[in-house]
Amino acid sequence: MDKPFAITLDVGSSLANKTGSWRTSRPVYVDRLPPCNHACPAGENIQSWLYHAEAGDYEAAWRVLTRDNPLPAIMGRVCYHPCETACNRGQLDESVGINSVERFLGDEALKRGWRFEPPARESGKRVLVVGAGPSGLAAAYHLRLFGHAVTIIEAGPLAGGMMRFGIPKYRLPRDVLDAEVQRILDLGIELRLNRKVSNILETMEQDRFDAAFLAVGAHIAKRAFIPAGSAAHMLDAIAVLRGMEGEDKPLLGRRVVVYGGGNTALDVARTAKRLGASDAIVVYRRTREKMPAHDFEVEEALQEGVLIKWLSTIRNMADAGTLTVEKMRLDDKGFPQPTGEFETLDADSLVLALGQDVDLSLLLGVTDLVIEHGVVQVGANMMTGHPGIFAGGDMVPSERTVTVAVGHGKKAARHIDAWLRGGSYAPLPAHKLAPFESLNPWYYADAPKTARPVLDLARRASTFDEIVAGLDESTALFEARRCLSCGNCFECDNCYGVCPDNAVIKLGPGKRFEFNYDYCKGCGICVAECPCGAIEMIPETI
Amino acid sequence: MLKQIEGSRAVAEAVARCRPEVICAYPITPQTHIVEGLGEMVKSGELANCEFINVESEFAALSVAIGASAAGARAYTATASQGLLFMAEAVYNAAGLGLPIVMTIGNRAIGAPINIWNDHSDSMSMRDAGWIQLYAETNQEALDLHIQAFRLAEELSCPVMVCMDGFILTHAYDRVDVPTQEDVDAFLPPFEPRQVLDVADPVSMGAMVGPEAFTEVRYLAHHKQLRALKLIPQLSAAFQARFGRFSGGLVKPYRTDDAETIIVALGSVNGTIQEVVDEMRDAGTKIGSLGICSFRPFPLAQVREVLQHAKRVVVIEKCLAVGLGGIVSDGVRNALSGIVLKGHTVIAGLGGRAITRAALRQLFQDAGNDELEQLTFLDLDADLIQFELEREARARRSGPTAEAILRRVGTVASQVA
Amino acid sequence: MELQTVKFYQTGTFTVGNRLLAEDERSVQANMDRTNSLNSGHRACQGCGEALGARYAIDAAMRATNGELIAVNATGCLEVFSTPYPETSWKIPWIHSLFGNAAAVASGVAAAMRVKGTPGVRVVAQGGDGGTTDIGFGCLSGMFERNDDVLYICYDNEAYMNTGVQRSSATPPAARTATTPAVGREPGNVFGTGKNVPLIAMAHSIPYVATASVANLRDLERKVAKAMEIAGARYVHIHVPCPLGWGSLPADTIKVARLAVESGLFPLFEAEYGEITGRTPIRRKVPVTDYLRLQKRFAHLFNVAGEGRVAQIQAIADRNIAKFGLLEEARTHG
């Protein structure tokens, strides 16, 4: 074409005008820490495995998950999901059902027989793990993946710790527990059952262990001073729950009173109902709001017919069949104060669920440890005062949950691994948190959480069948897709679409985007319209 | 083929032979019969492969033509007077974009006061817009110029205005020779645009040009018209070879070889002037006339060559540069730069006033006797003017001039009140 | 054509695209091969809504016509910032003639395509509100009346922005512009003036009329694609914020456009042959103040004297909501 001068122009000529020179601030892609990851005591990369799950790549999701936590099917049943509490979606409609999806992935893995990859090389080091509860199992798993030879010594007849002997079957079926434990052991971990370690230093020296991780848990029931007649049937909760694993179930009678306000108290009361008790009454000295038990457990217990007496303490158990209970009131500081009013309560048995203490006997002879409030003090590296002896779970200061215990196991394993190599492990500095304010919620369609189906009350009352069933694939997918991907690009194409200057380059599936700073004018629309807050403006340098 | 048809019809048939592809029509006296004729030919199928579009204004008419031409179609429209002014922005735009649109101007006076009769004020108002302007002397020439105009426009990529006197030519039934389609096809090839909107080769037309390049663009537009000075004679020669008659060209000298007085004019008045020249030549006066066909580009060299040996030049203009005098005279004086002779401007025929042989004869004689002022208005009613000036001087609220004059002249309506 | 809501409960319905959506369920803008009809290097202000709207609309039209599209542009911001010699940002055949004649020039191009035997090459005319509702109104009406095969797109930023923010007949009541300054007894643009060109287009009974917003890309693309399926005169009126003229932050362009829609001040609807056939309901209704507060051109409404006038603006929004049924469930016909 013979174009007249200046009047008619060739396409593409505007690319010579690099409008990037107009900017005073520039957008950059950032990765921020999602609140779910931040809240998970086991340090799972939740957003990352949800990312895979929502695309239907369940095995990839499971592998990301199990990089941090080897027990997802268990977690999906027993974890109290602080991730969901922290989840930003909760401020939109309802938090993502992370726990349900974790359970789905865990169950899928069991169904399909996905295995862990054994370590590529052996390190030549030997590590002892004392206690086959969640903390010990998690530590063993991570240590084994580092290539160390691991031996677990467990005092009880079966592995599992509180998962087996504290959490009732109706919450955690034993076949699931067994399968996940076995899968860890299949990495080549030695498990010695029915052996109680009485002296840790001796045991270590005997079998030439280079380091030890202690996770014996807290299995000694706390007691209270309750005068009781000789025929009074008083037991502790631990013994009752432990007794459920054996052949002979504990005999609690028709009217069972459980003293205490924690989850254990409720577990015992609900177990009593299933064993056939007509009355299971929990006696707690304060109110429902102050009760340490999780609210959903209280709800489920009440639905199952468990009765709860608030603001009450047990004075004595006179003879078989009668308890004296004193009414309490809360003072202005929230502490319960006796009122002087009494009543009696019929009870065939009284179960004390007043907390648990740690059996520290194995530490006799280890002088450089610090023990305070009945638990072993450890540093930020999970090591006790004694070099080479690490500890975690309920036996160190912690919130006593399975998930926290698993987190300790992972953390300790990393420090042990570094210590064995003569160095130390320093975790990478965390990204900045991604709060709800950094999101653009407009883009997330309203989609309430899917609720997990719950067993009918009648069935719940009489059997130990699992009461909460999981999600199926379509609902799990739906749930995973509700994730907002806080703080991390999930390739929604918004930035690529909203730039008036076509200054965002799409790199391709899985490769995210890049800014074309030759043309970016720094208007900031991309920042404003990024749904997950993964773009920030920083001042331009002159 | 010889036909006795209205001038407008002749133009319509000529344009139809040129295979136009898009015709835009908006009515305005005196060109309307042209577009009506073309519309009928399209509707009946006689003129095939042509889109005839009834638009909502002259501004739209030329704009539609601009779009069509830019997209590679041969485009045509016609207008006059007020309509030409209404499309003024588009007139400049078409020239600036270099689109080879052909447009007929049925020359008509511009209001206020509104007047539908012939003079050249309309096309003169657009003389500097960058269009080539050709003035037809006869209906035959009007017909022929359109055929040359398409080829001229498309070879140069420059729009062309063909001007023909309203009513005098447009509404006169005259004998014309309408060429055959074969002859026109042989003379005028299909439109090959210099630049075009094409999805296979996209460009942006109509960019904004700033101080750094604007002068160059304008120079190139001027240069294009200077090339037309060569091309116009070539085309009229080629036309003559194909069709057997001379039409167009830059200028038409008539008996000027030894003339002492030469009359210069545009358009149909040249016919009357030639008759008077013949009469006066018969009586022994050395007089001749020069008809200018190409007013833009202005043929400076050719005008100079014809006029340089004359003693006096009288330019008869059907237009008025208010506050100055003549418009064509400016070009003529430019052409005569450095040559001293007597130059006279005569403003005649405004608003359709007839230019009679008698008036011309008197005028030429006065010129010959050196009794002609430098600027005169032919047949001006001096008494009426005197009366009006006195009236305006007396009364502050003197009312509209035109109405007062009409009352004085005694037209019927003014006597009713 | 059936309207299908993309039920994808993450972001697929409202974001530009999503890695989990099939390619053909994403927007045109999500595609790596999109035309980018208006490419980088143009001189629009930071955050220009019109630049965004133009690329959205023309890319959608290019996809719908398989790349066979010619654009005709009126004088205005879009034309000036996209083609300053020697640079053009347009990647498609494009012509700029005058301020008021885009519709007529486009009619001419369309006629040429017919006569040349390439009717598959479609024509889009585009202009700002000034060039459409005021100076270009005559040509627009003529194009409508003749039912020429042209899609006219008006980018409405509610004033003559390119010449320095002067009032047009699309300027909303109370808005401050350079020719309706925020002084005197009635600061800003006068209430009771203005033209609704989409309704005027409907009065011409042309085959398709629609309003759209840069805040709703999927809706905009759907309407442009639908328009390109129809032959004859079509009109799409797109609301595009101008940060400079409106006194809003460049980063807020889409947010402000969204609030205009969600408050009811800019209703999204479609019409065929003069009858309304569908509208996009408001998702989360907001009071007009949410929208007005983000723009300095309305700042004078938030002093003591301005309350009544805010109420008047709210009444306009409420009337729109009632008239177009913007709070009812999405309904489309045909």
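The legends below describe close-up views of a predicted model with chains A, B and C.

Local features are given where pLDDT is at least 70 and side-chain atom pairs where it is 80 or more, while totals for chains, interfaces and linings use all residues; side-chain values rest on heavy atoms, without hydrogens and water. Residues are numbered from 1 along each chain as its sequence is written, and chains are lettered from A and ligands numbered from 1 in the order in which they are written.

**View 1. The parallel sheet of chain A.**
Five strands of chain A make an open sheet with the order β5-β4-β3-β6-β19 and parallel pairing. Helices (H or I, at least four residues) and strands (E, at least two) are DSSP runs, numbered from the N terminus, and two strands pair if DSSP finds at least two bridges between them. At the edges stand β5 (190–192) and β19 (389–391) of chain A, each paired on one side only. From one strand to the next, the twist averages 20°. Axes here are lines fitted to C-alpha atoms, for helices over the stretch in contact, and angles run from 0 to 180 degrees between N-to-C directions.

**View 2. Strand β4 and helix α14 of chain A.**
Strand β4 (residues 149–153) of chain A runs parallel to β5(A) and is joined to it by three bridges. One pairing can be followed by residue: A:I152 has A:L191 in β5(A) as its bridge partner. Helix α14 (residues 402–420) of chain A packs on this sheet, where it touches β3 (126–130), β6 (211–214) and β19 of chain A. Contact means heavy atoms within 4.5 Å. The direction of α14 in chain A makes about 170° with that of β6(A).

**View 3. The loop before β6 of chain A.**
A:R208 sits in the loop between α10 (200–206) and β6 of chain A. Its phi is near 55°, a positive value in a residue other than glycine.

**View 4. The interface of chains A and C.**
Chain C brings 49 residues to this contact and chain A brings 51 residues. The size of an interface is often given as the accessible area lost when the parts come together. Between chain C and chain A the buried area (accessible area, 1.4 Å probe, that two parts lose on being put together, summed over both) is about 4500 Å², with carbon and sulfur atoms giving 53%. Three salt bridges are counted between chain C and chain A; a salt bridge is a side-chain nitrogen of Lys or Arg within 4 Å of a carboxyl oxygen of Asp or Glu. One of them links the side chains of C:R26 and A:D493, at 3.6 Å from N to O.

**View 5. The side of chain C that touches chain A.**
Two elements of chain C, α1 (49–64) and α9 (253–263), give two or more residues to the side that touches chain A. The largest share, five residues, comes from α9(C). By class, this side of chain C has 20 nonpolar, 17 polar and twelve charged residues. Ala, Val, Leu, Ile, Met, Phe, Trp, Tyr, Cys and Pro count as nonpolar, Asp, Glu, Lys and Arg as charged, and the others, Gly among them, as polar.

**View 6. The interface of chains A and B.**
Eleven residues of chain A are in contact with 17 residues of chain B. About 1300 Å² is buried between chain A and chain B, and carbon and sulfur atoms give 65% of that area. On the side of chain A, A:M1, A:F5 and A:I7 lose the most area to chain B, together 49% of what that side buries. One salt bridge is counted between the two chains: B:R194 forms it with A:D2, the closest N and O atoms being 3.0 Å apart. Strand β1 (residues 8–10) of chain A also pairs with strand β9 (residues 203–205) of chain B, antiparallel and over three bridges. There, A:T8 has B:M205 as its bridge partner.

**View 7. The mixed sheet of chain B.**
Seven strands of chain B form an open sheet in the order β3-β2-β4-β5-β7-β6-β13, with mixed pairing. Its edge strands are β3 (51–54) and β13 (294–296) of chain B. Strand β7 (residues 160–165) of chain B is joined to β5(B) by six bridges, and the two run parallel. Helix α3 (residues 102–115) of chain C lies across β2 (22–25) and β3 of chain B, at about 155° to β3(B).

**View 8. Two cis peptide bonds in chain B.**
One cis peptide bond joins B:G111 and B:A112, with omega about -5°. Another joins B:A112 and B:P113, with omega about 0°. B:A112 is found in the loop between β5 (102–107) and α6 (121–125) of chain B.
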